[in-house]
Amino acid sequence: MAELSLTLSERHTADFEMIGNGGFAPLTGFQGSADWERVCSEMRTTDGEYWPIPITLASDLECEVGDVIELSSDEGKKLGRLTVEEIWDRDVKREAEQVYGTTDEAHPGVAAIYEEGNRMLAGPIEVDALPDHDEAFMRRYKTPAEHKADFEARGWKKIVAFQTRNPIHRAHEYLTKAALETCDGLFIHPLIGKTKAGDIPADVRMRCYEVLMENYYPQDRVVLGVKPAKMHYAGPREAVLHAIVRRNYGATHFIVGRDHAGAGDYYGTYDAQKIFDTIDIDELGIEPLMFEHTFWCNECEGLASNKTCPHDQDAHLFLSGTKVREMLGNGERPPHEFSRDEVADILIDAYKED
Ligand SMILES: [Zn+2]
């Protein structure tokens, strides 16, 4: 019998890694039709555990139930194998509607599942190796079990996780510190993934986090990790997935901001916070901490949010992302009320190298 092999897409490679490293526990493989059904309609696996987004493997590979397929990453690295338990067709429109809340093909998450097609292979995976990442990320790479053991060794009981895809400026520094006031430790957990044109390179992003930690956080109360997953942009449901993943990494609390994991105008500003009202938090095993948009206020003379600041918007420092990039590109530091000079300088240097 000829050996069956399959090269995974970038997203399937990321899913394989998260299943394989324990980040997607309790999943042990790519989900089948019964799980898909219950995840879509009830946000639970067939075992009854919370699970918000189907983790499935779309493929046209000719094979039969019982076959073993050798899997490679999108970059061609041999990862392990899938034992085919089920070959099935999904109703992709229904998945779009129930999971993403829209069937609009302009939605990046919906576009991705439409493009994948409907024929699915399901079954448990065996892991020989995990995909490779940029060296800057690998230095900080730990599995969920390793982070959990580290938190235990530090004696931390309350650990708050912060998800980010960007350098941390003052507003986000403020909310992580507000959370840290009532927790034992802060777990900064940026999403890593392939950098596309226009993205901030991996090593630059990591240096931004490191310089901030070294200069503005108590060293013994903050840990920097990396999360090797792809965004689905499923808004509220993705916020639940982010929380479950951080629970698996050992966190007890998770920061949920406004517009968490959203895309365009598909979700309301607070949808990603409200979804947790429908969830039994004890059963989920991690508590969301809801935060407002935060900013520097000239009247308060400090960082604040609409929950803590009574002043008009003209007292608030506002800089658009475009404006900030323009300033950095011109070698100009944004006001230090907006960004720490150390972070700004790293970004300015990175723009010069471009
Ligand atoms: Zn104010």
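These legends accompany an overview and several close-up views of a predicted model.

**Figure 1. Overall view of the 354-residue protein.**
The protein contains 13 helices and 15 strands. Its C-alpha trace spans about 70 × 45 × 45 Å along the principal axes. The radius of gyration is 21 Å, which agrees with the value near 20 Å for a compact globule of 354 residues. Buried residues account for 52% of the chain's 354 residues. Among contacts with a separation of 6 or more, 70% join residues 24 or more positions apart. The accessible surface is about 16,200 Å², and carbon and sulfur atoms supply 45% of that surface. The protein carries 38 positive and 65 negative charges. The mean positions of these two sets are 3 Å apart.

**Figure 2. Helix α1 and the turn of chain that follows.**
Helix α1 covers residues 10-20. Nine of its eleven residues are buried, so the helix is largely enclosed by the rest of the structure. The buried set is Arg 11, His 12, Thr 13, Ala 14, Asp 15, Phe 16, Glu 17, Met 18 and Ile 19. Charged side chains are thus part of the list, including Arg 11, Asp 15 and Glu 17. Just after α1, Gly 22 has a positive phi of about 95 degrees. Pro 26 sits in the loop between α1 and β2 (29-30). The peptide bond from Ala 25 to Pro 26 is cis, with omega near 15 degrees.

**Figure 3. Ser 73 in its loop.**
Ser 73 belongs to the loop between β4 (68-72) and β5 (78-83). Its relative accessibility is 2%, so Ser 73 counts as buried. Beyond residues up to four places away in sequence, Ser 73 touches Thr 7, Leu 8, Thr 13 and Leu 79. One of these partners, Thr 13, is a buried residue of α1.

**Figure 4. The largest nonpolar core, with Leu 82.**
This core holds 64 residues. Phe 24, Ile 69, Leu 82 and Phe 276 touch the most other members. Helix α9 (residues 236-248) gives the most to the core, with six residues. A second, separate core has 38 residues, among them Ala 136, Tyr 141, Ala 202 and Phe 338. In soluble globular proteins, nonpolar side chains tend to be buried together. Neighbours within four places in sequence aside, Leu 82 contacts Phe 30, Leu 57, Asp 67, Val 68, Ile 69, Leu 71, Leu 121, Ala 122, Gly 123, Pro 124 and Ile 125. Ile 69 thus appears both as a contact of Leu 82 and among the core members with the most partners.

**Figure 5. Met 206 in helix α8.**
Met 206 is part of helix α8, residues 202-216. At 0% relative accessibility, Met 206 counts as buried. Residues up to four places away in sequence are left out of its contact list. Met 206 touches Ala 136, Phe 137, Arg 140, Leu 224, Gly 225 and Val 226. Of these, Ala 136 is a member of the second core. Pro 190 lies 16 residues from Met 206 along the chain. The two C-alpha atoms are separated by 8.9 Å.

**Figure 6. Leu 347 in helix α13.**
Helix α13 spans residues 341-353 and includes Leu 347. Leu 347 counts as buried, at 5% relative accessibility. Not counting residues up to four places away in sequence, Leu 347 touches Pro 167, His 169, Ile 200, Val 204, Cys 208 and Leu 328. Arg 325 is 22 residues away along the chain, and its C-alpha atom is separated from that of Leu 347 by 9.1 Å.

**Figure 7. Positive phi at Met 43 and Tyr 233.**
Most residues other than glycine have a negative phi. Met 43 has a positive phi near 65 degrees. This residue occupies the loop between α2 (33-42) and β3 (57-58). Met 43 is buried, with a relative accessible area of 9%. Tyr 233 also has a positive phi, near 60 degrees. Its place is the loop between β11 (227-228) and α9. Tyr 233 is partly exposed, with a relative accessible area of 26%.

Notes:
Residues are numbered from 1 along each chain as its sequence is written. This is a predicted model: local features need pLDDT of at least 70, side-chain atom pairs count only at pLDDT 80 or more; totals for chains, interfaces and linings use all residues. Side-chain values use heavy atoms; hydrogens and water are left out. Helices (H or I, at least four residues) and strands (E, at least two) are DSSP runs, numbered from the N terminus. The radius of gyration is taken over C-alpha atoms; the globule rule is 2.2 Å times the number of residues to the power 0.38. Buried means under 20% relative accessible area, exposed over 50%, partly exposed in between (1.4 Å probe, protein chains only). Contact means heavy atoms within 4.5 Å. Accessible areas come from the Shrake-Rupley method with a 1.4 Å probe; for residues, only the protein chains shown count as cover. The place of a charge is taken as NZ of Lys, CZ of Arg, CG of Asp or CD of Glu. A nonpolar core is a set of buried Ala, Val, Leu, Ile, Met, Phe, Trp, Tyr and Cys residues joined through side-chain atoms within 4.5 Å.
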